[in-house]
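Biologist: I would like to learn how to read the empty spaces inside a protein. Could you take me through them step by step?

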Amino acid sequence: MAWSKKLKDGWVAIRNEGGAELGLLPETPVIEKDGFAFKDLARTGELLPYEDWRLDPKTRAEDLSARLSREEIAGLMLYSSHQVVPARDGGMFGGLYGGEIFDPEKHDAAALTDELTQMLRSDHIRHVLQMRVENARTSARWSNNLQAVCELEPWGIPVNVSTDPRHGATAAGAEFRQRSRDVSKWPEGIGMAAAGDPELVREFAKVAAREYRALGITTALGPQIDLSTEPRWMRLEDTLGSDPERVIPMVRAYCDGMQTTEGTPDGWGRDSVITMVKHWPGGGTGEGGRDAHYAYGCFAVYPEGNFEQHMRPFTEGAFRLEGPTGKAGAVMPYYTVSWLEDKPHVGNSYSEYILKELLRGKYAYDGVVCTDWGITADPDPSMDAFGSRCYGVSELSEAERHLRIILNGADQFGGNNSMAPILEAWRIGEERYGADFMEERMRLSSVRLLTGIFRLGLFENPYLDPEESVRIVGNAEFKKAGLAAQARAMVMLKNNGVLPLRKGVKVWIPERTLPRRKTFVRVWEPERVLDPISGMDTSPWCVRVDNPEDADAALVMIESPLSDPYDPEDVKNGGNGYRPLTLQYRPYTAATARKPSIAGGDWREPFTDRSYRGKSNTCINESDLDLVLEARRRMGGKPVIVSLHMHNPTVMSELEPSADAILVDFSVNTPVLMDVVFGDRQATGRLPYNLPRDMESVERHGEDDINGPEPYVASNGDVYARDFHA
């Protein structure tokens with residue numbers, strides 16, 4: 001016998017000499033063949049091809065697919081809604097534990113909710129999205145609990161856990177991305193563009209993959225490789241920039257770094273994390289900068305004719321990797337309706353042209369295609385709702401929407417927890433196209449999905465040692481690399497000789513006030529007063545004082561302008577509801593905006609012109625500019641330093657003349673910022689895009705134009721264009 005076993009915490013580790021290492025529950029039988037141990041997941045007493053770790057992933061996937069029932073295939077095609085660990089309340093991401101609300105005195109933080117257990121057992125879900133978790137130990141234990149439930153189900157198919165990006169140093173307002181307490185902290189994607197080094201991207205991807213696998217996460221819902229050509233887009237900060245020539249090498253580095261396990265024949269293995277690149281065919285061209293999470297932002301437009309440029313990060317980057325895995329393991333289309341001449345105006349996953357003809361046909365992508373989250377449900381009657389994304393197909397039933405997407409070549413439905421609509425789609429498809437056609441089509445998707453799970457080594461050992469996870473996640477080496485990258489991504493935009501400050505000086509750091517506003521999910525958030533350095537000891541750098549007159553310098557920490565492009569009150573008053581997204585702090589009237597809009601048309605609107613010409617908007621955080629101007633007034637001739645967290649390119653004319661120094665960051669931990677201000681680190685990044693001269697230049701700029709709007713010229717003559725640094 002060339003294998004041995006050892007009891008772990010609730011599972012058994014088997015070491016095959018010269019072969020795969022296995023992890024299994026004590027009750028799972030083992031088959032010995034040719035001197036090696038194999039899991040008898042099917043409990044047949046014989047070694048089935050899918051259980052044989054010596055075979056290649058696709059061969060194993062094809063064997064297992066042929067054994068699955070319709071229900072089991074439908075379950076594979078589901079990707080769960082967002083899971084919070086633990087689910088502490090009954091809100092949007094809540095859940096029950098034995099029928100009860102989570103109680104830390106009674107319930108284990110790593111336990112599975114009743115709802116998730118139901119998904120695994122009854123709906124056969126094997127792809128789960130983890131949104132937030134308490135810590136690394138809890139994540140590892142929760143992952144083990146997931147895998148244990150599924151190992152005892154027929155065929156023993158393990159779970160592929162995914163996450164949205166979680167390594168940003170600051171919390172994100174767009175999407176359900178959260179800062180994780182344990183993982184190392186890095187710049188956002190646009191910060192990587194500011195650093196301008198594909199090898200830094202590769203380093204990050206390798207670190208993130210190590211931490212993800214230690215958390216039990218095996219698929220990254222990213223990188224976000226949309227070209228960020230529209231400066232007002234709320235998801236711009238997650239992109240890798242607007243220039244395809246620069247983005248493509250970073251895409252390759254990111255995907256190769258995450259997916260590659262060194263020393264394996266095909267690059268896949270226990271260290272790999274599948275990258276799900278998004279959003280095909282590029283989601284960064286929403287008309288007026290609006291985002292397609294919402295019906296009022298569903299249209300992607302191409303006034304400069306650059307549709308094909310926006311596909312290049314996929315076709316020349318993610319689909320042509322230099323590493324052994326060859327291509328990104330999965331692709332996610334965006335919600336948008338790509339407004340193209342002579343093409344049906346439907347969401348990208350519903351578009352035969354976008355998915356079937358281009359992605360699967362012309363570009364021959366044969367990996368997994370997963371829809372963005374929540375696109376098949378019936379739409380909300382309100383234009384201002386969060387959940388209305390079946391664009392252009394609202395007249396179809398939910399099952400018919402699933403069928404249309406399947407026929408276009410997609411394999412999986414993001415955020416869908418029930419297999420019933422997929423089974424009904426299968427039935428309808430049989431009536432229309434025949435049983436043999438639908439059988440072949442559905443099993444093709446199951447093979448693609450299973451191949452990914454086999455590639456990751458999860459069938460051999462899905463279990464984690466929680467203590468080892470704690471040692472890996474956020475270790476000192478990874479944290480040090482992330483902090484160094486944050487400084488590399490910061491841009492010194494202006495410095496009139498005042499930086500670095502001398503340590504020990506007295507510094508005024510004012511609080512910020514954010515008024516009541518609508519959140520990402522379109523619910524009201526009350527006014528908040530924010531201390532930019534809440535709870536931080538400033539003594540390693542300076543003495544913080546409450547009175548600016550007592551200070552030697554002011555450090556004003558603000559955000560780029562935040563605004564909302566839709567107002568239901570305007571509709572009540574006879575308007576169309578649309579107003580300009582603004583990148584300036586003071587009120588903006590869109591006197592030169594496009595009229596009429598390029599795109600329009602929704603069953604909830606009795607018009608097609610979404611133009612906002614002549615309408616006004618004021619950014620939510622206008623008071624950030626007031627802080628800068630107040631600091632200038634009260635500090636007199638003493639230095640005023642502005643630290644600007646830049647979600648989007650900002651019109652700098654309102655604040656630049658009042659600042660002695662301006663530092664721009666794209667997600668930075670406050671200690672790193674203080675290190676830069678006081679000279680312990682250097683901000684070496686360059687602007688990843690043009691900062692617009694004014695809002696009129698933004699309005700003139702086409703949403704798909706990779707070159708950016710006309711740049712601002714600073715009071716000292718510097719031109720704030722891409723690649724600039726002071």
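Biologist: Which residues lie nearest the centre of the largest cavity, and how many residues line the largest cavity?

Modeller: Let us start with the general idea, which is that rolling a probe the size of a water molecule over the atoms shows where empty space is left. Please keep in mind that this is a predicted model. Here the largest cavity is lined by 20 residues, and P165, E188, G189, D238 and Y254 are the ones nearest its centre. Its volume is about 240 Å³, and its lining divides into eight nonpolar, five polar and seven charged residues.

Biologist: What volume does the second largest cavity have, and which residues are the closest to its centre?

Modeller: The second largest cavity holds about 100 Å³ of space. It is lined by 14 residues, of which E287, G288, R594, Y612 and E703 are the closest to the centre. By class, this lining has three nonpolar, four polar and seven charged residues. The count of cavities of 30 Å³ or more comes to eleven.

Biologist: What can be said about the second largest pocket, beginning with its volume?

Modeller: The second largest pocket has a volume of about 740 Å³. There are 31 residues in its lining, with W11, E21, R270, N461 and Y463 the closest to its centre.

Biologist: Which helices and strands each supply at least two residues of that lining?

Modeller: The strands are β1 (3-7), β2 (12-16) and β3 (21-24), while the helices are α4 (136-151), α6 (198-215) and α13 (466-472). Sorted by class, the lining of the second largest pocket has twelve nonpolar, nine polar and ten charged residues.

How values were computed:
Residues are numbered from 1 along each chain as its sequence is written. This is a predicted model: local features need pLDDT of at least 70, side-chain atom pairs count only at pLDDT 80 or more; totals for chains, interfaces and linings use all residues. Side-chain values use heavy atoms; hydrogens and water are left out. On a 1 Å grid over the protein atoms alone, a cavity is a set of points where a 1.4 Å probe fits but cannot get out, and a pocket is an open set with protein on both sides within 12 Å along at least five of seven lines; lining residues have an atom within 4 Å of a point. Grid points are joined across faces, edges and corners, and a volume is the space filled by probe spheres set on the points. Helices (H or I, at least four residues) and strands (E, at least two) are DSSP runs, numbered from the N terminus. Ala, Val, Leu, Ile, Met, Phe, Trp, Tyr, Cys and Pro count as nonpolar, Asp, Glu, Lys and Arg as charged, and the others, Gly among them, as polar.
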